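Trainee: I'd like a close look at one part of this model, taken slowly. Could you walk me through it once it's on screen?

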Amino acid sequence: IIFDEIGTIQECESVFESLNSGVNIITSVHCSGENQFFKRPVCKKLIESGAFNNIVFLGEQAGNIREI
């Protein structure tokens, strides 16, 4: 399942519900960079849960991966 633009605690709970059902997921979060990402409560909750194996930060150009 792909969740686009996770931004609320309710959406975060949907992600956890999917994970607890054994579903593999991909989520996206729109932010200005790593600092903003790690400060958002929803992002912190997702990271602290240990639910994700990787975080990918995209660059300014389409298809450009800045960091994994």
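Trainee: How many residues line the largest pocket, and which of them lie nearest its centre?

Mentor: Sure, and keep in mind throughout that this is a predicted model. The lining of the largest pocket is made up of 26 residues, and those nearest the centre are T27, S28, V29, I55 and V56. As for the space inside, the largest pocket holds about 740 Å³.

Now for the chemistry of that lining. Sorted by type, you get 15 nonpolar residues, nine polar ones and two charged ones. Three elements each give the lining at least two residues: β2 (26-27), α3 and β3 (57-58). The largest share belongs to α3, which puts in three residues.

That makes α3 worth a look of its own. The helix covers residues 41-48, and V42, C43 and L46 are buried in it. Viewed down the helix axis, these buried residues of α3 sit within an arc of 95°, so they line one face. The general background is simple: an α-helix makes a turn every 3.6 residues, so positions three or four apart point the same way. Over on the other side of α3 you'll find P41 and E48, both exposed.

What do the buried residues of α3 pack against? Their partners are α1 (9-20) and α2 (34-39). So α3 has two roles to keep track of here: its buried residues pack against two other helices, and the helix also contributes to the lining of the largest pocket. Just past the helix, have a look at the backbone: α3 is followed by G50, where phi is positive, near 75°.

Let's zoom out and place all this in the chain. There are three helices and four strands, and starting at the N terminus the order is β-α-β-α-α-β-β. The C-alpha trace spans about 35 × 20 × 20 Å along its principal axes. For a chain of 68 residues, a compact globule would come out with a radius of gyration near 11 Å, and the 12 Å found here agrees with that.

Two more numbers help with the overall picture. Buried residues make up 21% of the 68 in the chain, with V42, C43 and L46 of α3 among the buried ones. And if you take the contacts with a separation of 6 or more, 37% of them come from residues 24 or more positions apart.

Methods: Residues numbered from 1 in each chain as written. Predicted model: local features only at pLDDT ≥ 70, side-chain atom pairs only at ≥ 80, totals over all residues. Heavy atoms only, no water. Buried < 20%, exposed > 50% of the residue type's maximum accessible area, 1.4 Å probe, protein only. Arc of directions from axis to C-beta. Contact = heavy atoms within 4.5 Å. 1 Å grid on protein atoms, 1.4 Å probe; cavity = no way out; pocket = protein on both sides within 12 Å on 5 of 7 lines; lining within 4 Å. Points joined across faces, edges and corners; volume = space filled by probe spheres on them. Nonpolar A, V, L, I, M, F, W, Y, C, P; charged D, E, K, R; others polar. Rg over C-alpha atoms; globule rule 2.2 N^0.38 Å.
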